[in-house]
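Let's work through a few exercises together. Have your viewer ready, and try each task before reading its solution.

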Amino acid sequence: MADQNFSQNDKPEANYWRSFEELYEDQKTLEAKKHEFTEGVTDDFSVDKNLSGLSRRKFIALLSASAALAGAGCSDYRDKGEVIPYNVKPEEVNPGKPDYYASTCNGCLQNCGILVKTREGRPIKIDGNPDHPINKGKVCAKGEASILNLYDPSRLQFPLVKSGGIFEKTSWENVDSKIKNSLDSAAGSEIAIITHRVNSPTTKKLLEEFKIKYPSAKIYSYDIFHNEIKNSAWKKCYGGDVFPLIKWDEANIILSLEGDFLGVEGNVVEQMRLFANRKDVNNVKSFNRLYVAEGNMSLTGMNADYRFRVRPDQQLSFVLSLLNELTSKKNITSTAIDANTKNLISGFSLKDFASKNGVDYKKLSLLVNDLAANRGSAMVYGGRALDEQTQIAVNLLNEVLGNTKLYNADQTDVAHSVYNSMDECKALVASMNAGKVKTVIHFDANPVYHFSKDIQYEKALSKVSTVITLTEFENETAFASTYVLPINHTLESWGDYNVRTGVYSLQQPVISPIYKTRQKEAVILNWISDNPKNYSEKLYLDYLKTNWQQNIFPKVSSPFTFEKFWVGALHDGVITTKEKAVIDLSFSSVSLSGIKPSKDSSNFTVLITESYRLSDGRFSNNGWLQELPHPVSKVTWDNYAAISEKSAKALSIKNNDLVEIKFDKKKITLPVILQPGVAENFIAVESGYGRKHSGIIAEESGVNVQPLYNTTANTNTPWVLTNVSVSKVASSHKVISTQDHQNFDDTLTKDAHIKRDIIQEGTVLQFLKNPGFLHEGKEQHVPNMYDDFAYNDVKWGMSIDLNRCIGCGNCVAACNVENNIPVVGKEQVEKGREMMWLRIDRYYSGTPEEPKVAVQPMLCQHCDQAPCENVCPVAATQHSPDGLNQMVYNRCVGTRYCSNNCPYKVRRFNFLNFRDYVAGGHYLEDSVSLMHNPEVTVRSRGVMEKCSFCIQRIMEARSEAIGKNQPLKGSDVQTACQVSCGTEAIKFGNINDKNEEFYQYRNHKLGYYVLEELNVKPNVTYLAKLRNTHSEEV
Amino acid sequence: MNIDYSQELPVIERSITLADIDRLIAKPLDEKPDKKFFIALSITLTLLLIGAVSVTYLFLNGTGVWGLNQPVGWAFDITNFVFWVGIGHAGTLISAVLYLLRQKWRTGIARFAEAMTIFAVMCAGIFPVIHTGRPWLAGYLMPYPNQHGLWVNFTSPLVWDVFAVSTYFTVSLVFWYVGLIPDFGILRDKTASKLKKTIYSIFSLGWRNSHRNWQHYEKAYMLLAGFATPLVLSVHTIVSFDFAVSIIPGWHTTIFPPYFVAGAIFSGFAMVVTVLIFVRKVFDLQEIITVNHLEKMNKIILVTGSMVGYAYGMEFFIAWYSGNPFEQFVFINRAFGPYAWAYWIMVSCNVIIPQLFWFKKIRRTIPAMLVIVILVNVGMWFERFVITVSSLHRDFLPSSWGYFVPSIFDLGTLIGSFGLFFTLVLIFTKTLPVVAMSEIKAVAEGAQPSHNGGKH
Amino acid sequence: MNANKLFGLTALFNTPDELVHAAAKVNELGYKNYDVHTPYPLHGMDAVMKLKPSKLGYITLSFGLSGAAFALLFMYWAMSIDYPMIIGGKPYFALPAFVPITFEVTVLFATLATVIGMLAFYFKFPSNSHPLHDTPYMKAVSSDKYGICIEADDVLFDFEKVNLLFKELHAQTISEVYFPAVERTNIFEPKFLTLLVLIALLTSGATYVTLNKLIYLTPFDWMMNQNRVNAQSKSLFYTDGFGMRKPVEGTVARNYIPYEYKGLAAPVVPLSNPLTPTNEVMNLGKKRYLTFCSPCHGNLGDGDSRLRGQFPNPPSLHSEKVRGWLDGNIYHVIVNGQNVMPSYASQLSRDERWAVIHYIRALQKAKNASPSEIIEAKKEISSNVAP
């Protein structure tokens, strides 16, 4: 009709189409329009026609019958809970779809950039921020698991004030005014602020302003693990403030002396990445070689190609002997070695050292050759625990070998507050005892737990009138204070961090405080503000912004307005400026005098190391981290004295026996683990355990080793204790591990992992000679009873590169968070019921003295011919068309047959409702439910579960692909473990897609399946580890 | 004493009239239970109560109350299941196989053995249900039409179990009942009490001792026996498939079906002897259940025991011969690993001790055989325990090795199953004729027509 | 005795031999409806009575075979037709795995058929009201006597003759058996009815509790309430009950850089439309426009609100002003709102906003097209519309 109109009279304005169909004159539409109010909808319904034969009686009968029926059917109908939408939906939130926020982790001093995944405004997962120049999209296990701290029910939820020995709940207003008064009145007498190292420019500014407002304020900063000895040694040698960064990826040879640079020292995430860059199976020639000389069996030592057992107190003579060997035998000369150094080191012979400390001289000479051959491209790394002289010797050695090339010249860690030495802390305690200190503010620090016994800090606190502790969780210090102020979790706080020159990382909250907490900076800021009454959540944000506008914005010559820049910075989470570090690499020869070749004392030496999981104890209430096995010993929920088998025999002790460690009048008692690879007359203990007050989870986990800290001479290190007396205690404490401690002399089980081809290895030389060596002389194809099932579309697979994998366990932590894995608690782990879907198997071969370690992440292999599927009576586990071995939780009746029949034992069974069992239902609290991934079932008891290849992520990717109507690509999906893997050892993708990067790993010459001869056809490929030794055979 | 084996020993010792047989066998049914009975019952009920408590606790908390773990997903639960199914087999064997073999002596013990079969299978049936993590969904194991439109996985040995055990139970029950019908008839006509009469009448279905019925009856009995025989073999074969079909070394063994069946008969006979020794004493049925019966069974125990011993040896041989390292490891580990203690209990009880039955004296002396058969039962329980646990606790990956320690609830459930079994046995002795009256009569002296056609 | 109808005449003997002899005689005399009753099966009696061998075996055979067939076919149907699943890489029809069940079902069918067949088909059981029951005769034969009974309905039956015959056979006792008097019991006894009612109540009550209470308790509830917060669901943790939280003010989510000119009257530098007006974009724009904009702006954008004046009508989108605007200005209005118009930021995603703008442009163009343009348009369409 539009047409007719037009032809009749040309009135364009009356003439426009109402829809494209109409424009295109689609007949249907025109029809439809004609009948817009079509007649007779009511016509063909006539009472007598349609209701004839249905008498009133019948009708009523029917009516009542149906009513009755409905009544019966719907009686007591259960609604599936209310639907509660947003009143006004925020633009960025789409229910059911995740959001991502760039922020910064505050778990340790490295402050890695993180990307927080939120669902409907609740953070549910922490990953690394890919845009962050240092950690490049990766975080460590602590970072992954720290999300649990946010929702931990045992967080402090409101301010507390102590009156008459007991704490009372109170309001912030009340506390603020009280404290403000006491601060004002404190004029003259000292106000001590005790904090950990502050990496935040803005917080530093804030503290400065506090000092301006209260001149008598003094700031003490400490950390129980730090780099200060290395730094001071560096200062003595090169004059710089901080030890420079190392270009690990450029080192062909790495010699690490008691240095755990893959485990806990420095920015581990970055270091493991750089280290693994030289473990690229597609460029085997470039493999680096790692020598480790250490007393403790560390994660780094576990990954060494050659390992020497050298006690920390022997390291100095070791380094000097090396120097001697290199200068004399390899006649390497350097200006750095002056006359008296020369004749000093001449007293140190490597041979003697070797014989005296039971080190294989042949292996040592291999090291010497390598160092000599790779001058300028080798790196000798002295662990932070070594004393200053050793550090200086190490610097000298690197100088002599010209390895200084490997120091990063234009970027370095930022030297923030200079650490307060123990002397200053002692001074503080003195003045506290003298009553010169009126107020002590613990700025998220826990000195009562951290400080060594002999400082007697707690006693001194009692002399202070006002003790304020800002903390997330109850802790030892809080119990000794008058005010306990609950502070925000990282994910609730604003902040900025500057750890490296020119790298400024921003922290933004991803959820508003879930309890009555304030962020610690805001609390201080509020006190120095004119009127504490008008506190607002944005208080510190404004402060932060102004500081950035004034001090940081100018550093970046940004073309935008500050607002725009700020928004962008928040979006990226990190900005980089043009700042350059000035590093002077001119060696000022230092005097190494009065050093005698140390006699190897029969007395014990003890090394205190940072816990891989709990760091300095701040994560002790985190069940996931408590349960995450120790990367080497696989011990959970406890720390222990790691001792060598020989020394143990000498003391006639065995696993789980208690020993007393005594060091100048300080002593602790803790259980023993016979750790292969530990030096003789040496014990390594981890700190961070044995918290008295830290919430219900950490109760009775481990022993506090802080009392042992060496606070005596400054030249010596706080972590290395010499001349320690160790004695057996007639009692024992069961230390639980997820993998039994291997027995070396049991011929039946010895090297089972090698005999069974579970771990397949080679050497670099072997591979270069014959890349196909792994599969030679092996039956390539096991015959099949049935034809294989055809998976033509996407088929998921994984490859794990054992050359890159260092066994840190970050992937396990990530998996736990992603898949709502419950914490089961110590006694359940003891029974062997840990629930982790992904575990890292650790195998020893060789001797207990010189063990060869192999690690292997083990997860569901998603076998094509899965044994578990055949035996499930209810078909609760079967294969999906894209090759996944699926687990249908709600069909599972829990016969456990599948688990019995799984050759990899990767299935996990909910023997109990574990959440209900741990610490009296601690993890059943409502706050924890906010954390659980809504895309993953929270399994009930009696149900089998296992790795699903993160099927929720696969489904998300698939739905997106469908939305875009593109085919789903393998690279669209990244599993949680893959994302978290700091060394990129885990690859995931589509087995059928030949043009994917994954394909070359899946079909790599080094690729093998575990238990290949069972012919279950796994979809997880392992790339055999190549040890970079000098020989061809393993 | 030396016996002339050329002719069969009389089944009933001194010759008693048919009426006496009725009276003798029906005695426990007519009399009020005495003190002895109540003491026995109170003991068994206590055991049953213990079981009930542990199972309740299990249901309230989950499978975790047992000692199970990764990798040992099965331990006491399946051990008990296999043990009880095994016990059951003797009954069917005696009633069916010996019937087909025309072994007259079976008549004295058949009824009792069948009853034990049924009770044992009841005990066994409990475990597959309670061992699941979500017992309230155990119905999922049955192929019934449901709203998921989903059936069970017919390739799973556990489903085979469901069919095998339920079939076995049904058939045994029917077989038993068919045998009981004539006896119900007898009791109906004997009893004075009206109530009993009604009950017996209902169960006798109106049996009239008509020969036109006897004819079909015997045929049917023959057919049932004919089916029960392969069935009994198939059931334990299928039970053994639970293990044999898996890929776990120590389970994945082709010798299992015969091995399990032999073991089942072995343990079953041991249990029958154990119980009969008491029953014949308590209800003075010495004439009907004679020492000869017991001796014959002891002979079978000796044979099957040796077969089991052979199987043990053969497993080791094949493990060595196959050259499969996993297989070899498992068996060495069995004998010398953490579970060696269990293994050696098993070997001594099952292989060594029964050898004493080579001596006629021991075969025929009650106390000696009592000790031996009880030990055999212990040994057979441990055999199943060893097979289940010692294979699981150290399988392919050393990283996932573990050790199973039973909890008190494991023990409670085991005890409970014995409680249930003996309670049922006791009730049975008081409610039903423990010996098939009509059958006994048929084999009594002069019971069959002399073949001169009755001319005199 | 009672004057009931005679069932038959019975004789008791002491020894099996006598009975065999008697049976032979009776059979020889040509009696058909007689039966012998013995405490246990007498061997050789079949021959004497000339009974044909039992046919029970055929029932067994046929049911056994049908059981096997049923089992196998059902498993085949279930596993490979009704609900095929990839299990352990096996083919859907994995015959070896189906053998055990087939065997079991065979045995089950066969045995049950045999027994039920015998009892119901051959014996016509249960029959507790048979005249022989509760007779001294029956008591005797079920214990230790051997009896024979000739029934009255036998054609040759004659009371005297039979009596005599038995005497000749030296029967120990001879007795007549009569049909018992038939007595009726009333089903509508109050006792019985109450029993029924009780059972009904019990079952229905149990069912109700199970279906409406029990299966909603954890852990019986099929994990219906899990310890997690789904989208748009209630949170027990927050007192306000909102499981969905608002992002903190001032934070920036990835790919959600807030609109620069939020809150300003006009954009400083209007953004330009990033989308090209493809068919998809146009359709998307149309959908969204009709959903969110048309209520006020009207289907065609000339401000004819569909709200019948319940809400002030907005100005037409065809005004010079709007047509003069850059896309960025319209975008600005959509995000910020204008006068009474609220912000549509949370309803429309960014792409959707730009798509809507494209659609609006199309409307404007359409309304203000010059004839020549329309002719052009038509040409185009007629050329590319399929006949």
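**Exercise 1: Chain A against chain C**

Chain A and chain C bury about 7,100 Å² between them, with carbon and sulfur atoms giving 62% of that area. Keep in mind that this is a predicted model.

Task: work out which residues of chain A lose the most area to chain C, and find a salt bridge that involves A:Glu91.

Solution, step by step:
1. Begin with the contact itself, which joins 92 residues of chain A to 66 residues of chain C.
2. Rank the chain A side by area lost to chain C: A:Ile84, A:Glu91 and A:His571 lose the most, together 10% of what that side buries.
3. Turn to the charged pairs, where the interface of chain A and chain C has 4 salt bridges. In one of them, the side chain of A:Glu91 meets that of C:Arg350 at 3.0 Å, N to O.
4. Add the polar contacts: 26 residue pairs between chain A and chain C, both residues at pLDDT 80 or more.
5. Finally, look at the elements: helix 24 (562–572) of chain A is among those that give two or more residues to the side touching chain C, and helix 24 of chain A supplies the largest share, 5 residues.

**Exercise 2: Chain C against chain B**

Task: describe the interface of chain C and chain B by its buried area, its salt bridge count and its polar contacts.

Solution, step by step:
1. The two chains bury about 6,200 Å², 68% of it on carbon and sulfur atoms, and the contact takes 74 residues from chain C and 69 residues from chain B.
2. The count of salt bridges between chain C and chain B is 1; here the side chains of B:Lys197 and C:Asp134 meet at 2.8 Å, N to O.
3. Polar contacts link 24 residue pairs across this interface, both residues at pLDDT 80 or more.
4. On the side of chain C that touches chain B, helix 4 of chain C gives the largest share, 17 residues.

**Exercise 3: The nonpolar core**

Task: find which residues touch the most other members of the largest nonpolar core, and say where this core lies with respect to domain 1 and domain 2 of chain C.

Solution, step by step:
1. The core has 434 residues, of which A:Tyr457, A:Ile661 and B:Phe154 touch the most other members.
2. Helix 8 (residues 256–282) of chain B gives the most to this core, with 16 residues.
3. Domain 1 (1–184) and domain 2 (185–246) of chain C both contribute residues, so the core lies between them.
4. Take B:Phe154 as a closing check: beyond its neighbours within four places in sequence, its contacts include B:Trp160, B:Phe163, C:Phe74 and C:Met79.

How values were computed:
Residues are numbered from 1 along each chain as its sequence is written. Chains are lettered from A and ligands numbered from 1 in the order in which they are written. This is a predicted model: local features need pLDDT of at least 70, side-chain atom pairs count only at pLDDT 80 or more; totals for chains, interfaces and linings use all residues. Side-chain values use heavy atoms; hydrogens and water are left out. A nonpolar core is a set of buried Ala, Val, Leu, Ile, Met, Phe, Trp, Tyr and Cys residues joined through side-chain atoms within 4.5 Å. Buried means under 20% relative accessible area, exposed over 50%, partly exposed in between (1.4 Å probe, protein chains only). Helices (H or I, at least four residues) and strands (E, at least two) are DSSP runs, numbered from the N terminus. Domain bounds come from an automatic or database domain assignment. Contact means heavy atoms within 4.5 Å. Buried area is the accessible area (1.4 Å probe) that two parts lose on being put together, summed over both. A polar contact is a pair of N or O atoms within 3.5 Å; within protein, one must be able to donate a hydrogen and the other to accept it, and residues adjacent in sequence count only if both atoms are side-chain atoms.
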